[in-house]
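Reader: Hello! I am new to this structure and would love a close look at one single part of it. Could you show it to me and then walk me through that part?

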Amino acid sequence: MLTSDQALALLSAAREECARVGVPMSFAVMDAAGHLVALLRTDGAPWISTDVAQGKAWTAAAYGMPSAGQKAKMDTLPNFSTALSAMTGGRFTPQPGAVPVYADGQLVGALGASGGTGQQDEDVCSAAVTACGYATSAG
């Protein structure tokens, strides 16, 4: 399980990386069960980005894979994607921009971002996870 200190370290690393890229973003850290642990909206990030970051992080935690993988899967299943979103109270967000967080091969949570392109969001999250000594996959 991610502690609040670990979640804050992930947010700090993500903030540094988005500053390096020059794109204001919001970040959400979820635990492995999809519960919010920490949230940050950097200066200049769109107001809606906090909600989007949470949805992406929830999706990465739920499936233990980057949220981009769910986008690829759901592109051919729009009705199912809409149903999943409705069943999860809108949390299911199959868009690029979040990665799972693994420690010693175990899923401990996810980091999601919003504010840049989906690829920028995902790249920043991946860099932050790695900088904090975690992995984005079990193996």
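Author: Happily! A word on terms comes first: helices and strands here are DSSP runs, with at least four residues for a helix and at least two for a strand, numbered from the N terminus. Please keep in mind that this is a predicted model. Counted in that way, the protein has 5 helices and 4 strands, and along the sequence they follow the pattern α-β-β-α-α-α-β-β-α.

Before zooming in, here is the setting. The radius of gyration is 13 Å, which agrees with the value near 14 Å that a compact globule of 139 residues would have. Along the principal axes, the C-alpha atoms fill a box of roughly 40 × 35 × 20 Å. Among contacts with a separation of 6 or more, 64% join residues 24 or more positions apart, and 44% of the 139 residues count as buried.

Now for the single part: glutamate 17, which sits in helix α1, spanning residues 4-21. Is glutamate 17 buried or exposed? Its relative accessibility is 16%, and because buried means under 20%, glutamate 17 counts as buried. The protein as a whole has 11 negative and 7 positive side chains, with the centres of the two sets 6 Å apart.

And what does glutamate 17 meet? Its side chain makes a polar contact with the side chain of arginine 20, at 2.6 Å. Leaving aside residues up to four places away in sequence, glutamate 17 also touches Val124 and Ala127.

Definitions and conventions
Residues are numbered from 1 along each chain as its sequence is written. This is a predicted model: local features need pLDDT of at least 70, side-chain atom pairs count only at pLDDT 80 or more; totals for chains, interfaces and linings use all residues. Side-chain values use heavy atoms; hydrogens and water are left out. The radius of gyration is taken over C-alpha atoms; the globule rule is 2.2 Å times the number of residues to the power 0.38. Buried means under 20% relative accessible area, exposed over 50%, partly exposed in between (1.4 Å probe, protein chains only). Contact means heavy atoms within 4.5 Å. Lys and Arg count as positive and Asp and Glu as negative; His and the chain ends are not counted. The place of a charge is taken as NZ of Lys, CZ of Arg, CG of Asp or CD of Glu. A polar contact is a pair of N or O atoms within 3.5 Å; within protein, one must be able to donate a hydrogen and the other to accept it, and residues adjacent in sequence count only if both atoms are side-chain atoms.
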